[in-house]
Amino acid sequence: MKRVFAALAVAGLVTASLTACVQSGRTDQSRAGGDKAACPVAVDETFTGTVRLGYQEIPNGDLVVKDAGLLETCLPKATITWSKFASGATVIQAFGSNSLDLGLLGSAAAARALSAPLHIGLKAVWVHDVIGAAESLVVKDPAVTTVAGLRGKKIAVPFASTSHYSLLAALTAAGVERDVTLVNMQPDAIAAAWRGGDIDAAFVWEPTLSELVKNGHVVTTAADTAKAGKPTYDLAGARAEFVTANPRFLEVWTAAQNWAVNLINTAPDSAATHIAAQLGVPVADIRKQLGEYGYLDAATQAGPAYLGKQLGTDLKSSADFLLSQGEIQGLAAPEAYAAAVYAGAAAKVSAK
């Protein structure tokens, strides 16, 4: 498989080195346009620390929490910093440079961070969403209707992302993994390259996905690769030492995320209004996108199918696959992947 690192002067492009210094994104308190919400647990005025949070523009509960100002309400004496990231690769960089405490990254990026050569001490503390059709492979040429038909094509994808993992799985299953050219681009750069005719296809997530589909078509999705045994998730990862030192913050943060998940599942119009305010897109578009993910409450996450057990196995499986594709240099010890999952906060929230 040919891999091309696109040297484009486009905002948000990821550098090739995951250990390099990173611009972690702007501190973003703008766009908050939704109604404020009451704290779902007792307000905690004892926590006075500073917490550096990383978010991505993905329609899930994290944006609901951000827009509703929930953490600021629940922890009024804390200093909460929100920074925007383009993909999991930049989140890994921020963790590697110790400039982030907790941030959203995909399961493939988490597996990469835990593996050689990075061996970053991370804990997966929450599943923001189970990825379905919201990450898809879009093709321009109407004559190409299968993954196998992409032979000889140039495909853009953010490297070290869940889309990258799903794309590799789809290409391998179709037997064309050595016959395509992959280009490492962030979502904004993908949209620009698509408009300019510089790429033939792209595997990417919302909201960029919807823009590409306007003059392209989907040939496979992350839901399809999940059915084939390669599931992907958007996770909340935290520095291991931060988890150990801040159990109370994590419990309040998890309660806020659980509130947001319940809002998505029971009052999707209200949740979509919050997310739309953060993304600057129509509420109707967000309502459609919410149907392309699965959102799990704390009780479900604390169980054996996710944080309780299975997620560690899935992270190890992701790392195995990435190693087989030459995407990582080596595996961590098998027990490291299970140990990288922290169910404590979800269990406490679900018990209340």
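**Figure 1. Helix α4 lies across three strands of the predicted model.** Helix α4 covers residues 107–114. The strands beneath this label are β4 (102–106), β5 (122–131) and β11 (233–239), and α4 lies across each of them. Relative to β4, helix α4 runs at about 110 degrees.

**Figure 2. Helix α10 lies across five strands, β2, β3, β4, β5 and β11.** This helix is made up of residues 247–266. With respect to β5, α10 runs at about 0 degrees.

**Figure 3. An open sheet is formed by six strands.** Read across the sheet, the order is β3-β2-β4-β11-β5-β12, and the pairing is mixed. Strands β3 (79–84) and β12 (293–294) are the edges, each pairing on one side only. Strand β2, residues 50–55, runs parallel to β3 and is joined to β3 by six bridges. Within this pair, Tyr55 stands opposite Lys84 of β3.

**Figure 4. The largest cavity has a volume of about 60 Å³.** Three cavities of 30 Å³ or more are found when the whole structure is searched. Residues that line the largest cavity include Gln56, Ile58, Gly88, Gly106 and Ala109. Also in this lining are Glu135, Ala160, Ser161, Thr162, Trp205 and Asp234. Sorted by class, the lining holds four nonpolar, five polar and two charged residues. Glu135 appears again in Figure 6, as a buried residue of strand β6.

**Figure 5. The second largest cavity has a volume of about 40 Å³.** Its lining includes Leu105, Ala110, Leu114, Leu122, Lys123 and Ala124. Leu235, Gly237, Leu315 and Ala340 also line this cavity. Elements α4, β5 and β11 each give two or more residues to the lining. Strand β5 supplies the largest share, three residues. By class, the lining of the second largest cavity divides into eight nonpolar residues, one polar and one charged. Helix α4, β5 and β11 are also the setting of Figure 1, where α4 lies across both strands.

**Figure 6. Strand β6 is mostly covered, with five of its five residues buried.** The strand spans residues 135–139. In a regular strand, side chains alternate between the two faces of the sheet. In β6 both faces are covered: Glu135, Leu137 and Val139 are buried on one side, and Ser136 and Val138 are buried on the other.

**Figure 7. Strand β6 pairs with β9 and is joined by bridges to β10.** The pairing of β6 with β9 (residues 201–205) is antiparallel and extends over five bridges. Val139 stands opposite Ala201 of β9. Strand β10, residues 217–221, also runs antiparallel to β6, and four bridges join these two strands. Here Val138 stands opposite Val218 in β10. Val138 and Val139 are both buried, on opposite sides of β6.

**Figure 8. Lys66 is located in helix α1.** Helix α1 consists of residues 61–68. Lys66 counts as buried because its relative accessible area is 6%, and buried means under 20%. Along the chain, Lys66 and Gln278 are 212 residues apart. In the model, their C-alpha atoms are separated by 8.3 Å.

Methods:
Residues numbered from 1 in each chain as written. Predicted model: local features only at pLDDT ≥ 70, side-chain atom pairs only at ≥ 80, totals over all residues. Heavy atoms only, no water. Pairing = 2+ DSSP bridges. Contact = heavy atoms within 4.5 Å. Axes fitted to C-alpha atoms, helices over the stretch in contact; angles between N-to-C directions. 1 Å grid on protein atoms, 1.4 Å probe; cavity = no way out; pocket = protein on both sides within 12 Å on 5 of 7 lines; lining within 4 Å. Points joined across faces, edges and corners; volume = space filled by probe spheres on them. Nonpolar A, V, L, I, M, F, W, Y, C, P; charged D, E, K, R; others polar. Buried < 20%, exposed > 50% of the residue type's maximum accessible area, 1.4 Å probe, protein only.
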